[in-house]
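Here are some exercises to work through with the structure open beside you. Try each task yourself before you read its solution.

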Amino acid sequence: MKWRYNWGWNIVLLFSGFVIMISVMVGMSVSQKIDLISDDYYAMELVHQEKIDKIKRANGLPNGVTWKLNEQYLDVVFPENIQQNSIGGNVILYCPSDNRKDRSFPIQLGENHTLRIPKTDLEPGRYRLQVDWSANEVTYWHEGVINIDG
């Protein structure tokens with residue numbers, strides 16, 4: 001009996017190729033790491049209006065928060081027209097690609113209204129710098145993007 005290739009084999013090959021392709025795609029999607037912004041993402045969404053109000057107040061300041069990145073430090077500079085001892089809050093470095101790199105620093109100002117963060121405390125990557133701070137019981141929010149090189 002002689003074996004022959006016919007249209008039935010085309011169907012079998014097409015179906016097998018489809019099953020293999022779907023299996024590979026499912027395997028790739030299961031191994032992909034997916035992080036939410038935070039573990040309590042939905043609770044944070046409920047207080048979003050407060051954040052909008054903080055941003056509006058921060059934009060109304062004559063001098064806002066600035067930051068400088070140099071060889072050794074990330075310097076977060078607060079307005080000099082506000083009393084240094086009344087400033088409090090947190091500086092958050094949020095890494096969208098890997099939540100293990102996220103860092104939070106309490107605001108403890110040094111000279112010249114500056115919070116100095118050593119680059120040795122930070123891993124290389126792209127971060128969203130989020131400054132959630134208050135002065136004289138008024139809250140503010142500043143945000144920007146920063147790239148830390150290795």
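**Exercise 1. Find the residue whose side chain makes a polar contact with the side chain of Asp98, and decide whether Asp98 is buried or exposed.**

Step 1. In this predicted model, look at the loop between β3 (87-94) and β4 (103-106), where Asp98 is placed.

Step 2. From the side chain of Asp98, search for a polar partner: the side chain of Arg100 is in polar contact with it, at 3.0 Å.

Step 3. Now compare the accessibility with the cut-off. Buried means under 20% relative accessible area. Asp98 has 13%, so Asp98 is buried.

**Exercise 2. Do the same for Asp75: is Asp75 buried or exposed, and which side chain does a polar contact join to the side chain of Asp75?**

Step 1. Start in strand β2, where Asp75 lies.

Step 2. The relative accessibility of Asp75 is 7%, so Asp75 counts as buried.

Step 3. The side chain of Asp75 is joined to that of Arg116 by a polar contact of 2.9 Å.

Step 4. Widen the view to contacts beyond four places in sequence: the residues touching Asp75 include Thr66, Trp67, Lys68, Asn70, Thr114 and Leu115, along with Arg116.

**Exercise 3. Work out the order of the strands in the open sheet of 4 strands, and name its edge strands.**

Step 1. Take β3 and β4, which pair in the antiparallel sense over 4 bridges. Here Asn90 stands opposite Pro106 in β4.

Step 2. Next, β3 pairs with β6, again in the antiparallel sense, over 8 bridges. Gly88 has Ser134 of β6 opposite it.

Step 3. Then β6 and β7 pair in the antiparallel sense over 11 bridges, and Gly125 has Ile148 in β7 as its bridge partner.

Step 4. Put the pairs together: the order is β4-β3-β6-β7, with antiparallel pairing. The edge strands are β4 and β7, since each pairs on one side only. From one strand to the next, the twist averages 15 degrees.

Step 5. Finally, find the helix that lies across β6 and β7: this is α3 (residues 48-59), running at about 85 degrees to β7.

**Exercise 4. Which residues in the loop between β6 and β7 have a positive phi, and are they buried or exposed?**

Step 1. Go to the hairpin of β6 and β7, with 2 residues between the strands.

Step 2. Asn136, in this loop, has a phi near 55 degrees, which is positive although the residue is not glycine. Glu137 also lies in the loop, and its phi is near 65 degrees, again a positive value in a residue other than glycine.

Step 3. Exposed means over 50% relative accessible area. Asn136 has 53%, so Asn136 is exposed. Glu137 has 81% and therefore counts as exposed.

**Exercise 5. How many residues are in the largest nonpolar core, and which strand supplies its largest share?**

Step 1. Recall a general tendency: in soluble globular proteins, nonpolar side chains tend to be buried together.

Step 2. The largest nonpolar core here has 25 residues; among those with the most contacts inside it are Val76, Phe78, Ile87 and Trp133.

Step 3. Check the strands: β2 (73-77), β3, β5 (114-118), β6 (125-135) and β7 (138-148) each supply at least two residues of the core. The largest share, 5 residues, comes from β6.

Technical notes: Residues numbered from 1 in each chain as written. Predicted model: local features only at pLDDT ≥ 70, side-chain atom pairs only at ≥ 80, totals over all residues. Heavy atoms only, no water. Buried < 20%, exposed > 50% of the residue type's maximum accessible area, 1.4 Å probe, protein only. Polar contact = N/O pair within 3.5 Å; in protein donor to acceptor, adjacent residues only side chain to side chain. Core = buried A, V, L, I, M, F, W, Y, C linked by side-chain atoms within 4.5 Å. Pairing = 2+ DSSP bridges. Axes fitted to C-alpha atoms, helices over the stretch in contact; angles between N-to-C directions. Contact = heavy atoms within 4.5 Å.
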